[in-house]
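Please look over the structure below before reading on. The report then takes it part by part.

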Amino acid sequence: MTRPFLLALCPSIFATATWTQDGCAGTADVELVGLGTVGSSGVPTLSMGGAPLEGFGFSLGVHDALPGAHGCFLFSQNEAPLLLPQFGAVFYPSAPLLTQVFEISTDGEALEAIPTLPVLTAYCGVRVTAQAVVLDPAAQGGVAFTKAVRVGFGPDPGGVAFPAVSSSYAVGEFPRSVAIGDLNGDQVPDLVVANDESSSVSVLLGTGDGTFGPAATVPAGDAPGSAIVVDTDGDHVLDLVVTKQNTDEVSVMLGNGDGTFGVAVEYAVGDRPYTVAADDLNGDLVTDLVVANVDSNDVSVLLGVGDGTFAPAPTVTFFGEAFFVATGDLNGDSIPDLVIGEVDSMVAFSDRVQIRLGAGDGTFLPAQYYAAGTSVWSLAIGDLDQDGDEDVAVANLAVDEVSILLGNGDGSLAAPHEIPVGDIPRSIAITDANRDGIPDLVVVHSISDDVLVLLGQGGGIFQPQPPVFTGGSPFLVAAGDLNGDLLPDLAVAGGGDDSVAVFLSSVLD
């Protein structure tokens with residue numbers, strides 16, 4: 001299958017459509033329908049940026065698709081589904097009026113297949129159904145389908161908010177981390193929680209409406225510090241990776257595809273492994289792991305073989321304690337780099353962020369250091385000022401601040417800009433909380449027991465909002481769409497009350 005075939009499939013490229021309006025009353029709505037079809041990387045995922053609200057920006061993207069493939073979005077106001085047996089698919093925007101071609105990047109994403117466009121008053125009251133297709137020889141008929149999305153454009157209601165009262169679910173003792181992923185292949189997000197003091201991981205399967213079933217317990221070794229879910233063996237099923245602080249190991253448990261996991265395989269790392277991140281460090285399209293080891297002052301690199309097993313690579317050593325490690329492309333060369341939160345317990349006020357640019361073979365260049373407040377406990381990477389370069393946001397636990405370090409595009413960072421926040425900022429995440437197309441920050445505070453949203457104003461500037469009470473000494477926050485409305489929700493691990501709290505976002509009336 002080639003691009004000419006796609007052009008034949010999508011013959012109305014960039015055609016002009018006249019939409020039918022039903023007036024501009026009520027609120028906007030978003031509904032995901034259908035199941036999509038399986039391709040080389042599983043079912044390609046549909047994502048939304050911004051919000052379908054008057055005056056906001058709105059975009060559609062595709063994730064988890066065949067790298068380098070072409071695809072197209074098709075739109076229609078006809079919501080009657082069309083059966084396509086040659087593709088094993090149901091096509092929802094039948095009789096499409098408008099189409100848009102895109103190309104999947106080398107990492108399997110087209111973040112803005114439909115670029116961010118302002119929602120004009122003329123769109124208010126319009127209802128549209130959209131669905132993306134991607135050329136993929138592994139899919140039935142050579143084409144993989146996303147779910148479809150039905151979007152109703154509405155007036156600006158004032159933004160999107162998280163409720164003051166959340167749903168709370170019992171997990172193990174002292175949950176330190178929470179991760180979001182579809183563990184059983186039903187295209188509904190599930191939760192994985194690492195419980196330090198009960199030496200377990202709790203798995204909560206999602207129902208699709210933002211609620212979750214009771215936690216199932218997975219033994220996870222002595223004092224798990226963090227858990228992530230990632231496909232380590234290329235079978236399109238998420239696997240479980242857990243750090244074990246007291247035995248200096250990382251456990252990998254292959255997913256069975258039903259929310260359960262196989263027997264753990266252990267890999268020796270440094271002393272007191274705390275956080276773990278996954279990326280393709282050497283360009284072989286296989287998942288690799290990086291582990292921050294607090295007491296041995298280093299980061300362990302484990303290169304994936306492709307079958308869910310890992311081989312050790314040279315350790316990245318430095319001076320201070322490493323509580324947090326993340327990966328990103330800070331110099332635009334499409335090779336993952338390391339960003340490490342480093343705490344120097346021997347020298348006061350000398351905590352910093354360390355950058356190690358990737359060499360492309362699983363090794364890293366010498367360190368670059370940047371001051372970043374005191375007790376660099378958590379960090380997040382994203383394009384905070386929307387200049388195309390990745391930036392770093394840091395939670396400084398000891399001084400109740402968040403530091404913003406804007407990237408220069410060459411792997412270096414500008415001087416930090418500090419933002420005062422609440423008591424003991426333990427975790428930080430990047431999302432678009434109000435769906436205006438500008439990245440926002442979410443910070444959890446362990447002493448004041450709340451979540452603070454800082455709305456991006458553009459240019460890397462943020463405005464704190466009133467905090468939302470969580471209770472239970474929140475320890476880590478993860479952001480994602482938990483109920484299928486394409487709006488950002490939050491899951492918060494509460495270390496003090498052995499629970500995970502879920503905050504569903506809603507459009508303000």
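What follows covers confidence, two groups of strands and one glutamine.

## Confidence

This is a predicted model. The protein chain has a mean pLDDT of 85. Of its residues, 87% reach 70 or more.

Two stretches fall lower. Residues 1–7 have pLDDT below 50. Beyond near neighbours in sequence, this stretch has 16 contacts in the model. Residues 345–350 stay under 50 as well. For them the model has three contacts beyond four places in sequence. Where pLDDT is low, the predicted coordinates should not be read in detail.

## A four-stranded open sheet

One open sheet is built from four strands. Their order is β12-β41-β40-β39, and the pairing is antiparallel. The edges are β12 (167–170) and β39 (474–480). Each has a single partner strand, so one side of each is left without a neighbour in the sheet. On average, neighbouring strands of this sheet are turned by 20 degrees against each other, direction ignored.

Now take β40 and β41. Strand β40 spans residues 489–494, and strand β41 spans residues 499–503. Five bridges join them in the antiparallel sense. Leu 490 has Phe 503 in β41 as its bridge partner.

## Strands β21 and β22

Strand β21 covers residues 273–279. Five of its seven residues are buried, so β21 is largely enclosed by the rest of the structure.

Strand β22 (residues 288–293) pairs with β21. The sense is antiparallel, over six bridges. In β22, Val 291 is the bridge partner of Val 276.

## Gln 131

Is Gln 131 buried or exposed? Its relative accessibility is 1%. The cut-off for buried is under 20%, so Gln 131 counts as buried. Gln 131 sits in strand β9, which runs over residues 127–135.

Which backbone atoms does the side chain of Gln 131 reach? One is the backbone oxygen of Val 90, at 3.4 Å. Another is the backbone nitrogen of Tyr 92, at 3.0 Å.

Val 90 and Tyr 92 are also among the residues that Gln 131 touches, not counting those up to four places away in sequence. That list further holds Cys 72, Phe 73 and Leu 74. It includes Phe 91 and Pro 93 too. Phe 145, Thr 146, Lys 147 and Ala 148 complete the list.

Technical notes
Residues are numbered from 1 along each chain as its sequence is written. This is a predicted model: local features need pLDDT of at least 70, side-chain atom pairs count only at pLDDT 80 or more; totals for chains, interfaces and linings use all residues. Side-chain values use heavy atoms; hydrogens and water are left out. Two strands pair if DSSP finds at least two bridges between them. Helices (H or I, at least four residues) and strands (E, at least two) are DSSP runs, numbered from the N terminus. Axes are lines fitted to C-alpha atoms, for helices over the stretch in contact, and angles run from 0 to 180 degrees between N-to-C directions. Buried means under 20% relative accessible area, exposed over 50%, partly exposed in between (1.4 Å probe, protein chains only). A polar contact is a pair of N or O atoms within 3.5 Å; within protein, one must be able to donate a hydrogen and the other to accept it, and residues adjacent in sequence count only if both atoms are side-chain atoms. Contact means heavy atoms within 4.5 Å. pLDDT is the predictor's confidence in each residue, from 0 to 100.
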